[in-house]
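Q: Please take a close look at how two helices pack against each other in this model. I would also welcome an account of the other parts that can be described alongside them.

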Amino acid sequence: MQTLNRRDFLAALGCASLGMAAGAATPTAEPDRPRPNLVFFLIDDMGWMDVGCNGSTVYETPNIDRLAAQGMRFTNAYAACPVCSPTRASILTGKYPARLHLTDWIPGQTMPYEKLRRPDFRQELPLEEVTIAEALKPAGYVTASIGKWHLGTEPFYPEHQGFDVNFGGTKVGSPASYFYPYKSPDLPKAKDGEYLTDRLTDEALEFIDANKDHPFFLYLPHYAVHRPLQGKDEDIERFQKKSLPRKGQNSAVYAAMIKSVDESVGRVMARLEDLGISDNTVIIFMSDNGGLATATSNAPLRAGKGTLYEGGVREPMIIRWPGLAKPGSVCDTPVISVDFFPTLLAMAGVPVKVDNLDGIDLTPLLRGGGVSRPEALYWHYPHYHGGGATPGGAIRDGNYKLIDYYGEERFELYDLKADLGEKEDLARKMPEKARELRMKLHDWLKRVDAQMPTPNPDFDPGKRDQEE
């Protein structure tokens, strides 16, 4: 099928809408089933090990675990970036952050005396990009973004990117407080003491109630569990009374925030069941980057948010597709956040393609089959990040992963099957494999026109940790 840019797509959308109004049929992925509702939970800063079904023995996630028991859990699922805004853009467009030139959280950090100067990356998701919400319009979907946006201010808000409803899409990446008053101009007034995770869930339930009789796409990007670390008092006390470990996952406040996220999942699942639409609703659960190392523990994964190690990019991911994905199934195939765009469109039976799509359709995996990915998985993070992370790129090809540090003749190679914790650097033992992967990474960077950091004429080793 001919690919579309946003202008062509919106023109086609208008024709499709007229066709639907006249009763024209649009092909569906499952002819005998109505188009599925789509609910997408995106959690902020939740680590791979922050859920019970992935092995946490501290955090309580019974509803998320139940979701996994009803669907497919992906053990090698990745965010396209170790920080939030780029991953969010990759989910909504199916394109790598490097291709979009949106490679850091907005507005990002400026390190004026570091060795490298960051590229002039985009401060918004471009309006010319086609989002999932826009692509679903020809199929009659009603769409909502309820929660964190962090992809630009006006005129780049969700309502200009295909969403009929925008609630809580604030100008900031994190709230000043999780308790009302939230100190955010974009969150409506509510009762004192209200908890933000609960309020977003209330709004999500209202949207589901209002649109239960036709297909909807609910994008529910929670602000939790991003800082500031604030949980409800009764939940904090609950975990303080437990025997928390001295090291690792030992924050009662963080555990309380996880509990509230889990309750949100449970409330949405319960409402879908009460309305009799659960069997025709796909639920996706995902995080935007790895867990913050100062808030949680990603062990056995190495490091955390902001780094290209597994702790920074491997995520908890679950997809429940009733009647099609086997309950309780586990998939070890490496997948990445750019895959959501083609996957959701396939579920909805929307045969729309866009220019330079990087993701692949995962529905064959969900049906118990396999997929053929034409390329390896790639990451490009040309930025410094708190905690000592430096600009670099990475590639995963099969079980091997290479991390290349920009501006340095330094790279690391790991066999993730044998060494999940990335403890043994194989670059010297396997120089041919390291060179092969490094060449593939550099070729990919050129193909997607990635913006690279440049030498900084103001580099001062004595001031390099200072931020502007």
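A: In this predicted model, helix H2 (residues 62-70) packs against helix H8 (residues 252-274) at an angle of about 55°, and their axes are 7 Å apart. Because an angle of this size is neither under 35 degrees nor within 65 to 115, and is not over 145, H2 is oblique to H8. Two packed helices are described by exactly these two quantities, the angle between their axes and the distance between the axes.

The contact can be followed residue by residue. From H2, the participants are Pro 62, Asn 63, Ile 64, Arg 66, Leu 67 and Gln 70. From H8, they are met by Asp 262, Glu 263, Val 265, Gly 266, Met 269 and Glu 273. By class, the residues of this contact divide into five nonpolar, three polar and four charged.

The loop between strand S1 (37-43) and H2 contains Asp 45. The phi angle of Asp 45 is near 70°, which is a positive value in a residue other than glycine.

Two other loops hold a cis peptide bond. The bond from Ile 106 to Pro 107 is cis, with omega near 10°, and Pro 107 is found in the loop between helix H4 (97-100) and strand S3 (116-117). The bond from Glu 154 to Pro 155 is likewise cis, with omega near 10°; Pro 155 lies in the loop between strand S4 (142-146) and strand S5 (165-167).

Another helix is set against a sheet. The sheet is open and has four strands in the order S11-S12-S13-S14, with antiparallel pairing. Its edge strands, S11 (377-381) and S14 (410-415), each pair on one side only. From one strand to the next, the twist averages 10°. Strand S12 (residues 392-397) and strand S13 (residues 400-405) are joined by six bridges in the antiparallel sense, and Gly 392 stands opposite Tyr 405 in S13. Helix H12 (residues 431-447) lies across S11, S12, S13 and S14, and runs at about 65° to S13.

Finally, there is the empty space to consider. Rolling a probe the size of a water molecule over the atoms shows where such space is left. The largest pocket has a volume of about 460 Å³. Its lining consists of 23 residues, of which Arg 227, Leu 292, Lys 305, His 385 and Gly 386 lie nearest its centre. By class, the lining of this pocket has eight nonpolar, 11 polar and four charged residues.

Note on methods:
Residues numbered from 1 in each chain as written. Predicted model: local features only at pLDDT ≥ 70, side-chain atom pairs only at ≥ 80, totals over all residues. Heavy atoms only, no water. 1 Å grid on protein atoms, 1.4 Å probe; cavity = no way out; pocket = protein on both sides within 12 Å on 5 of 7 lines; lining within 4 Å. Points joined across faces, edges and corners; volume = space filled by probe spheres on them. Nonpolar A, V, L, I, M, F, W, Y, C, P; charged D, E, K, R; others polar. Pairing = 2+ DSSP bridges. Axes fitted to C-alpha atoms, helices over the stretch in contact; angles between N-to-C directions. Contact = heavy atoms within 4.5 Å.
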